[in-house]
Amino acid sequence: MWAMIVKEMRQVRRDRRTLAMMIVMPILLLVVFGYAARFDVSEIRVVPVGDAAAAGAANLPAPFTVLDATDDADPVDVLRRGDADVAVAVDGGQPVAWVDGSNLFTAQAATRSLSAIAAQGGPAIEIRTAFNPDLATSAVLVPGLGGLILIFVGSLVTSLGVVRERQAGTLEQLAVMPLRARDVFVGKVAPYFVVATVDLLVVLGIGVTLFDVPFAGDPWWLALGSLLFLFTALGIGVLISTVSANQGQAIQLALMTVLPQVLLSGLIFPLTSMAAGVRWIGYLLPLTWFNVVAKDVMLKDAPASALALPLGVLTVMSVVVSGLAVWRFNRDLRPAGPARTSDHDSAGRDPAPVAAT
(Lines give C-alpha, C1' and ligand atoms only; values in the text may rest on other atoms or scores of the structure.)
Protein backbone atom coordinates (compact mmCIF):
# COMPACT_ATOMS: atom_id res chain seq x y z
CA MET A 1 0.00 0.00 0.00
CA TRP A 2 2.81 2.42 0.88
CA ALA A 3 4.43 1.72 -2.47
CA MET A 4 1.18 2.65 -4.24
CA ILE A 5 0.96 5.88 -2.24
CA VAL A 6 4.53 6.81 -3.13
CA LYS A 7 3.91 5.95 -6.78
CA GLU A 8 0.76 8.10 -6.99
CA MET A 9 2.49 10.99 -5.21
CA ARG A 10 5.30 10.90 -7.75
CA GLN A 11 2.81 10.75 -10.61
CA VAL A 12 0.93 13.78 -9.30
CA ARG A 13 4.21 15.66 -8.85
CA ARG A 14 5.18 14.96 -12.45
CA ASP A 15 1.79 16.06 -13.80
CA ARG A 16 2.50 19.75 -13.33
CA ARG A 17 -0.66 20.99 -15.02
CA THR A 18 -2.95 18.95 -12.80
CA LEU A 19 -0.94 19.99 -9.76
CA ALA A 20 -1.16 23.64 -10.80
CA MET A 21 -4.91 23.35 -11.27
CA MET A 22 -5.33 21.78 -7.82
CA ILE A 23 -3.39 24.68 -6.30
CA VAL A 24 -4.47 27.59 -8.49
CA MET A 25 -8.19 26.80 -8.66
CA PRO A 26 -8.83 26.97 -4.88
CA ILE A 27 -6.84 30.21 -4.69
CA LEU A 28 -8.81 31.61 -7.62
CA LEU A 29 -12.12 30.67 -6.01
CA LEU A 30 -11.00 32.18 -2.71
CA VAL A 31 -10.08 35.46 -4.38
CA VAL A 32 -13.28 35.56 -6.41
CA PHE A 33 -15.65 34.82 -3.57
CA GLY A 34 -13.67 36.93 -1.14
CA TYR A 35 -13.38 40.08 -3.25
CA ALA A 36 -15.87 39.72 -6.11
CA ALA A 37 -18.88 37.77 -4.80
CA ARG A 38 -20.81 40.80 -3.62
CA PHE A 39 -24.20 42.08 -4.60
CA ASP A 40 -23.99 45.40 -2.78
CA VAL A 41 -23.35 48.49 -4.88
CA SER A 42 -20.82 50.98 -3.57
CA GLU A 43 -21.45 53.77 -6.10
CA ILE A 44 -24.45 54.98 -8.08
CA ARG A 45 -23.71 57.63 -10.69
CA VAL A 46 -26.33 60.39 -10.89
CA VAL A 47 -26.55 62.98 -13.66
CA PRO A 48 -28.96 65.91 -13.13
CA VAL A 49 -30.80 67.05 -16.24
CA GLY A 50 -31.04 70.82 -16.06
CA ASP A 51 -30.16 73.36 -13.37
CA ALA A 52 -33.33 72.76 -11.38
CA ALA A 53 -32.57 69.06 -11.07
CA ALA A 54 -28.94 69.83 -10.16
CA ALA A 55 -30.04 71.86 -7.15
CA GLY A 56 -32.22 69.03 -5.87
CA ALA A 57 -29.72 66.27 -6.52
CA ALA A 58 -26.80 68.03 -4.85
CA ASN A 59 -27.78 66.75 -1.39
CA LEU A 60 -28.17 63.08 -2.30
CA PRO A 61 -26.24 60.96 0.23
CA ALA A 62 -23.99 57.96 -0.41
CA PRO A 63 -23.92 55.70 -2.36
CA PHE A 64 -25.02 58.36 -4.89
CA THR A 65 -22.25 60.22 -6.72
CA VAL A 66 -23.63 63.33 -8.41
CA LEU A 67 -21.87 64.17 -11.68
CA ASP A 68 -21.98 67.34 -13.73
CA ALA A 69 -25.40 68.42 -14.93
CA THR A 70 -26.38 68.06 -18.57
CA ASP A 71 -28.69 70.13 -20.75
CA ASP A 72 -29.99 67.05 -22.57
CA ALA A 73 -33.76 67.32 -22.78
CA ASP A 74 -34.37 63.57 -22.46
CA PRO A 75 -33.06 61.83 -19.31
CA VAL A 76 -33.55 58.43 -20.97
CA ASP A 77 -31.00 59.39 -23.63
CA VAL A 78 -28.52 60.11 -20.84
CA LEU A 79 -28.99 56.56 -19.58
CA ARG A 80 -28.93 55.12 -23.10
CA ARG A 81 -25.48 56.58 -23.69
CA GLY A 82 -24.23 55.02 -20.46
CA ASP A 83 -23.37 58.38 -18.89
CA ALA A 84 -25.10 57.55 -15.59
CA ASP A 85 -27.01 54.97 -13.59
CA VAL A 86 -29.69 57.48 -12.58
CA ALA A 87 -30.82 60.62 -14.39
CA VAL A 88 -32.69 63.16 -12.25
CA ALA A 89 -35.04 65.59 -14.00
CA VAL A 90 -37.87 67.93 -13.05
CA ASP A 91 -41.24 67.23 -14.65
CA GLY A 92 -44.01 69.72 -13.84
CA GLY A 93 -42.22 70.81 -10.68
CA GLN A 94 -41.90 67.23 -9.46
CA PRO A 95 -38.42 65.61 -9.20
CA VAL A 96 -38.25 62.44 -11.28
CA ALA A 97 -35.44 59.90 -11.05
CA TRP A 98 -34.98 57.73 -14.13
CA VAL A 99 -33.15 54.50 -13.24
CA ASP A 100 -31.22 52.37 -15.74
CA GLY A 101 -32.93 48.97 -15.41
CA SER A 102 -30.33 47.20 -17.57
CA ASN A 103 -27.93 47.27 -14.59
CA LEU A 104 -30.08 45.13 -12.32
CA PHE A 105 -28.26 45.35 -8.99
CA THR A 106 -27.49 49.05 -9.38
CA ALA A 107 -31.12 49.75 -10.28
CA GLN A 108 -32.37 47.83 -7.26
CA ALA A 109 -29.95 49.63 -4.96
CA ALA A 110 -30.92 53.02 -6.40
CA THR A 111 -34.62 52.30 -6.00
CA ARG A 112 -34.18 51.22 -2.38
CA SER A 113 -32.03 54.21 -1.52
CA LEU A 114 -34.37 56.75 -3.11
CA SER A 115 -37.37 55.19 -1.38
CA ALA A 116 -35.53 55.27 1.96
CA ILE A 117 -34.75 58.99 1.51
CA ALA A 118 -38.43 59.77 1.01
CA ALA A 119 -39.44 57.58 3.96
CA GLN A 120 -37.03 59.44 6.25
CA GLY A 121 -38.61 62.79 5.49
CA GLY A 122 -36.46 63.75 2.53
CA PRO A 123 -37.74 65.05 -0.79
CA ALA A 124 -40.27 62.79 -2.48
CA ILE A 125 -38.85 61.69 -5.80
CA GLU A 126 -40.88 59.86 -8.40
CA ILE A 127 -38.95 56.77 -9.54
CA ARG A 128 -39.24 55.56 -13.11
CA THR A 129 -37.29 52.62 -14.56
CA ALA A 130 -36.07 52.63 -18.14
CA PHE A 131 -35.20 49.67 -20.42
CA ASN A 132 -36.26 47.01 -17.89
CA PRO A 133 -39.32 48.41 -16.09
CA ASP A 134 -40.06 45.25 -14.10
CA LEU A 135 -36.40 44.74 -13.16
CA ALA A 136 -36.70 41.21 -14.52
CA THR A 137 -33.64 39.03 -13.96
CA SER A 138 -34.13 37.21 -17.26
CA ALA A 139 -33.79 40.46 -19.23
CA VAL A 140 -30.29 40.93 -17.81
CA LEU A 141 -29.14 37.30 -17.79
CA VAL A 142 -30.24 36.14 -21.26
CA PRO A 143 -27.85 38.42 -23.21
CA GLY A 144 -24.99 37.27 -21.01
CA LEU A 145 -25.98 33.62 -21.36
CA GLY A 146 -25.61 34.00 -25.11
CA GLY A 147 -21.99 35.00 -24.53
CA LEU A 148 -21.53 32.09 -22.11
CA ILE A 149 -22.65 29.68 -24.85
CA LEU A 150 -20.13 31.21 -27.26
CA ILE A 151 -17.24 30.94 -24.81
CA PHE A 152 -18.20 27.36 -23.96
CA VAL A 153 -18.32 26.19 -27.57
CA GLY A 154 -15.43 28.36 -28.69
CA SER A 155 -13.00 27.53 -25.89
CA LEU A 156 -13.91 24.17 -24.37
CA VAL A 157 -15.45 22.25 -27.27
CA THR A 158 -13.00 23.60 -29.86
CA SER A 159 -9.95 22.73 -27.77
CA LEU A 160 -11.25 19.19 -27.20
CA GLY A 161 -11.93 18.72 -30.90
CA VAL A 162 -8.50 19.87 -32.05
CA VAL A 163 -6.69 17.85 -29.36
CA ARG A 164 -8.65 14.77 -30.41
CA GLU A 165 -7.44 15.30 -33.97
CA ARG A 166 -3.84 15.50 -32.76
CA GLN A 167 -4.17 12.31 -30.68
CA ALA A 168 -5.67 10.48 -33.66
CA GLY A 169 -2.79 11.60 -35.90
CA THR A 170 -5.04 13.47 -38.33
CA LEU A 171 -3.13 16.74 -37.99
CA GLU A 172 0.10 15.02 -38.98
CA GLN A 173 -1.58 13.69 -42.11
CA LEU A 174 -2.86 17.18 -42.91
CA ALA A 175 0.70 18.48 -42.67
CA VAL A 176 1.78 16.50 -45.75
CA MET A 177 -1.08 17.84 -47.84
CA PRO A 178 -0.76 21.00 -50.00
CA LEU A 179 -2.60 23.10 -47.41
CA ARG A 180 -1.44 26.25 -45.69
CA ALA A 181 -1.63 26.41 -41.92
CA ARG A 182 -4.32 29.07 -41.99
CA ASP A 183 -6.39 26.89 -44.36
CA VAL A 184 -6.21 24.05 -41.88
CA PHE A 185 -6.97 26.46 -39.04
CA VAL A 186 -10.07 27.86 -40.73
CA GLY A 187 -11.23 24.39 -41.71
CA LYS A 188 -10.95 23.18 -38.14
CA VAL A 189 -12.75 26.07 -36.46
CA ALA A 190 -15.46 26.61 -39.11
CA PRO A 191 -17.80 23.85 -37.81
CA TYR A 192 -17.55 25.18 -34.25
CA PHE A 193 -18.22 28.69 -35.56
CA VAL A 194 -21.43 27.49 -37.21
CA VAL A 195 -22.56 25.52 -34.15
CA ALA A 196 -21.87 28.44 -31.81
CA THR A 197 -23.77 30.83 -34.09
CA VAL A 198 -26.80 28.53 -34.17
CA ASP A 199 -26.67 28.14 -30.38
CA LEU A 200 -26.57 31.91 -29.92
CA LEU A 201 -29.59 32.41 -32.19
CA VAL A 202 -31.51 29.70 -30.34
CA VAL A 203 -30.71 31.17 -26.91
CA LEU A 204 -31.63 34.71 -27.91
CA GLY A 205 -34.73 33.52 -29.76
CA ILE A 206 -35.99 31.60 -26.74
CA GLY A 207 -35.16 34.51 -24.46
CA VAL A 208 -37.11 36.98 -26.58
CA THR A 209 -40.15 34.78 -27.24
CA LEU A 210 -40.43 32.79 -24.01
CA PHE A 211 -39.05 35.16 -21.38
CA ASP A 212 -40.14 38.42 -23.04
CA VAL A 213 -36.62 39.82 -23.14
CA PRO A 214 -36.75 43.03 -25.20
CA PHE A 215 -34.68 43.48 -28.34
CA ALA A 216 -34.77 47.23 -28.89
CA GLY A 217 -31.54 47.83 -30.80
CA ASP A 218 -30.02 47.15 -34.19
CA PRO A 219 -29.29 43.41 -34.59
CA TRP A 220 -26.29 44.20 -36.80
CA TRP A 221 -24.44 45.74 -33.86
CA LEU A 222 -25.05 42.59 -31.85
CA ALA A 223 -23.95 40.46 -34.80
CA LEU A 224 -20.70 42.42 -35.02
CA GLY A 225 -20.03 42.06 -31.29
CA SER A 226 -20.86 38.34 -31.43
CA LEU A 227 -18.53 37.82 -34.39
CA LEU A 228 -15.60 39.53 -32.67
CA PHE A 229 -16.24 37.71 -29.42
CA LEU A 230 -16.57 34.34 -31.16
CA PHE A 231 -13.27 34.81 -32.99
CA THR A 232 -11.66 35.50 -29.62
CA ALA A 233 -13.26 32.42 -28.03
CA LEU A 234 -12.23 30.17 -30.93
CA GLY A 235 -8.70 31.54 -30.76
CA ILE A 236 -8.55 30.72 -27.05
CA GLY A 237 -9.75 27.19 -27.80
CA VAL A 238 -7.07 26.66 -30.44
CA LEU A 239 -4.38 28.10 -28.16
CA ILE A 240 -5.43 25.66 -25.44
CA SER A 241 -5.23 22.77 -27.88
CA THR A 242 -1.69 23.69 -28.93
CA VAL A 243 -0.36 23.42 -25.38
CA SER A 244 -2.39 20.33 -24.36
CA ALA A 245 -1.11 16.81 -24.88
CA ASN A 246 -4.51 15.18 -24.30
CA GLN A 247 -8.16 15.99 -23.74
CA GLY A 248 -7.82 15.92 -19.96
CA GLN A 249 -5.29 18.73 -20.05
CA ALA A 250 -7.47 20.65 -22.51
CA ILE A 251 -10.44 20.42 -20.14
CA GLN A 252 -8.35 21.65 -17.23
CA LEU A 253 -7.00 24.66 -19.11
CA ALA A 254 -10.40 25.47 -20.62
CA LEU A 255 -12.02 25.49 -17.19
CA MET A 256 -9.31 27.81 -15.91
CA THR A 257 -10.17 30.27 -18.69
CA VAL A 258 -13.96 29.89 -18.65
CA LEU A 259 -14.53 30.03 -14.88
CA PRO A 260 -13.01 33.49 -14.34
CA GLN A 261 -15.07 34.85 -17.22
CA VAL A 262 -18.27 33.51 -15.68
CA LEU A 263 -17.51 34.93 -12.24
CA LEU A 264 -15.69 38.18 -13.06
CA SER A 265 -17.44 39.43 -16.21
CA GLY A 266 -20.41 41.03 -14.47
CA LEU A 267 -22.72 38.21 -15.55
CA ILE A 268 -23.39 37.10 -11.95
CA PHE A 269 -21.77 39.70 -9.70
CA PRO A 270 -21.77 43.43 -10.58
CA LEU A 271 -18.36 44.78 -11.51
CA THR A 272 -18.89 47.91 -9.45
CA SER A 273 -19.11 45.84 -6.25
CA MET A 274 -15.76 44.12 -6.78
CA ALA A 275 -12.47 45.21 -5.27
CA ALA A 276 -10.42 47.38 -7.62
CA GLY A 277 -7.78 44.73 -8.37
CA VAL A 278 -10.32 42.04 -9.16
CA ARG A 279 -12.40 44.49 -11.19
CA TRP A 280 -9.45 45.19 -13.49
CA ILE A 281 -9.09 41.46 -14.10
CA GLY A 282 -12.71 41.52 -15.24
CA TYR A 283 -11.92 44.30 -17.70
CA LEU A 284 -9.33 42.05 -19.34
CA LEU A 285 -11.88 39.29 -20.06
CA PRO A 286 -13.70 39.23 -23.42
CA LEU A 287 -17.01 38.09 -21.90
CA THR A 288 -17.14 41.34 -19.90
CA TRP A 289 -17.23 43.43 -23.06
CA PHE A 290 -19.64 41.12 -24.88
CA ASN A 291 -22.05 41.48 -21.94
CA VAL A 292 -21.88 45.24 -22.35
CA VAL A 293 -22.58 45.05 -26.09
CA ALA A 294 -25.41 42.52 -25.74
CA LYS A 295 -27.23 44.36 -22.96
CA ASP A 296 -26.76 47.80 -24.49
CA VAL A 297 -28.08 46.64 -27.88
CA MET A 298 -30.94 44.44 -26.70
CA LEU A 299 -32.23 46.49 -23.76
CA LYS A 300 -31.16 50.08 -24.40
CA ASP A 301 -30.81 50.51 -28.17
CA ALA A 302 -27.49 52.20 -27.39
CA PRO A 303 -26.01 54.52 -30.02
CA ALA A 304 -22.76 53.79 -31.83
CA SER A 305 -20.85 56.16 -29.53
CA ALA A 306 -21.77 54.03 -26.50
CA LEU A 307 -20.76 50.82 -28.29
CA ALA A 308 -17.43 52.12 -29.60
CA LEU A 309 -15.41 51.18 -26.51
CA PRO A 310 -16.61 47.58 -26.02
CA LEU A 311 -16.50 46.84 -29.75
CA GLY A 312 -13.02 48.36 -29.99
CA VAL A 313 -11.75 46.23 -27.11
CA LEU A 314 -13.28 43.09 -28.65
CA THR A 315 -11.65 43.95 -31.98
CA VAL A 316 -8.21 44.19 -30.39
CA MET A 317 -8.75 40.97 -28.45
CA SER A 318 -9.96 39.04 -31.51
CA VAL A 319 -7.00 40.17 -33.64
CA VAL A 320 -4.40 39.40 -30.96
CA VAL A 321 -5.83 36.05 -29.84
CA SER A 322 -6.64 34.82 -33.37
CA GLY A 323 -3.17 35.86 -34.56
CA LEU A 324 -1.50 33.97 -31.72
CA ALA A 325 -3.70 30.94 -32.40
CA VAL A 326 -2.77 30.86 -36.11
CA TRP A 327 0.93 31.29 -35.25
CA ARG A 328 0.90 28.47 -32.70
CA PHE A 329 -1.10 26.23 -35.02
CA ASN A 330 1.33 26.93 -37.86
CA ARG A 331 4.29 26.17 -35.59
CA ASP A 332 2.75 22.83 -34.59
CA LEU A 333 2.22 21.80 -38.20
CA ARG A 334 5.57 23.04 -39.51
CA PRO A 335 7.88 20.43 -37.91
CA ALA A 336 5.92 17.56 -39.41
CA GLY A 337 5.88 19.08 -42.91
CA PRO A 338 9.52 18.93 -44.08
CA ALA A 339 10.04 15.40 -42.79
CA ARG A 340 7.13 14.10 -44.82
CA THR A 341 7.25 16.22 -47.95
CA SER A 342 10.66 15.00 -49.18
CA ASP A 343 10.65 12.70 -52.16
CA HIS A 344 12.99 10.17 -50.53
CA ASP A 345 13.93 9.14 -47.02
CA SER A 346 17.45 9.13 -45.59
CA ALA A 347 18.18 5.75 -47.22
CA GLY A 348 17.03 6.91 -50.69
CA ARG A 349 13.83 4.85 -50.66
CA ASP A 350 10.49 6.25 -51.72
CA PRO A 351 8.32 7.05 -48.72
CA ALA A 352 5.23 5.01 -48.04
CA PRO A 353 2.01 6.74 -49.10
CA VAL A 354 -0.01 8.41 -46.36
CA ALA A 355 -3.69 7.62 -46.31
CA ALA A 356 -5.87 10.71 -46.33
CA THR A 357 -8.87 10.93 -44.09
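This is a tour of a predicted model, stop by stop, from the whole chain to its empty spaces.

**Before you start**

Residue numbers run from 1 along each chain as its sequence is written, and side-chain values use heavy atoms, with hydrogens and water left out. In this predicted model, local features need pLDDT of at least 70 and side-chain atom pairs count only at pLDDT 80 or more, while totals for chains, interfaces and linings use all residues.

**Stop 1: the whole chain**

Show the cartoon. The chain has 14 helices and five strands. These are DSSP runs numbered from the N terminus: helices are H or I with at least four residues, strands are E with at least two. Now colour by burial. Of the 357 residues, 42% count as buried, meaning under 20% relative accessible area with a 1.4 Å probe and protein chains only. Switch on the surface. The chain exposes about 18200 Å², an area from the Shrake-Rupley method with a 1.4 Å probe. Carbon and sulfur atoms supply 65% of that area. Look at contacts (heavy atoms within 4.5 Å). Among those between residues at least 6 apart in sequence, 72% join residues at least 24 apart.

**Stop 2: strands 3, 4 and 5**

Select 86–91 and 94–100. These are strand 3 and strand 4. They pair in the antiparallel sense over six bridges; pairing requires that DSSP finds at least two bridges between two strands. The two strands form a hairpin with two residues between them. Click Gly92 in the turn: its phi is positive, about 65 degrees.

Stay on strand 4. Five of its seven residues are buried. Add 126–130, which is strand 5. Strand 4 pairs with strand 5 in the parallel sense, over five bridges. Pick Val96 as a landmark. Its bridge partners include Ala89 and, in strand 5, Glu126.

**Stop 3: the largest pocket**

A pocket here is an open set of points on a 1 Å grid over the protein atoms alone, with protein on both sides within 12 Å along at least five of seven lines; lining residues have an atom within 4 Å of a point. A volume is the space filled by probe spheres set on the points, which are joined across faces, edges and corners.

The largest pocket has a volume of about 1000 Å³. Select Arg45, Asn103, Leu271, Thr272 and Val292: of its 36 lining residues, these are the closest to the centre. Five helices give two or more residues to the lining: helix 5 (104–119), helix 6 (137–168), helix 11 (276–283), helix 12 (286–300) and helix 13 (304–333). Helix 12 gives the largest share, seven residues. The lining divides into 16 nonpolar, eleven polar and nine charged residues. Nonpolar covers Ala, Val, Leu, Ile, Met, Phe, Trp, Tyr, Cys and Pro; charged covers Asp, Glu, Lys and Arg; the others, Gly among them, are polar.

**Stop 4: the second largest pocket**

Select Thr197, Leu200, Leu201, Ala223 and Ser226. Of 13 lining residues, these lie nearest the centre of the second largest pocket. Its volume is about 230 Å³. Helix 8 (181–210) and helix 9 (219–242) each supply at least two lining residues. Helix 9 gives the most, with six. What is the split by residue class in this lining? It is eleven nonpolar, two polar and no charged.

**Stop 5: the cavity**

A cavity is a set of grid points where a 1.4 Å probe fits but cannot get out. The structure holds one of 30 Å³ or more. About 40 Å³ of space lies in the largest cavity. Select Val140, Gly144, Gly266, Leu267, Asn291 and Lys295, which line it. Helix 6 and helix 12 each supply at least two of these residues. The lining divides into two nonpolar, three polar and one charged.

Conventions
Buried < 20%, exposed > 50% of the residue type's maximum accessible area, 1.4 Å probe, protein only.
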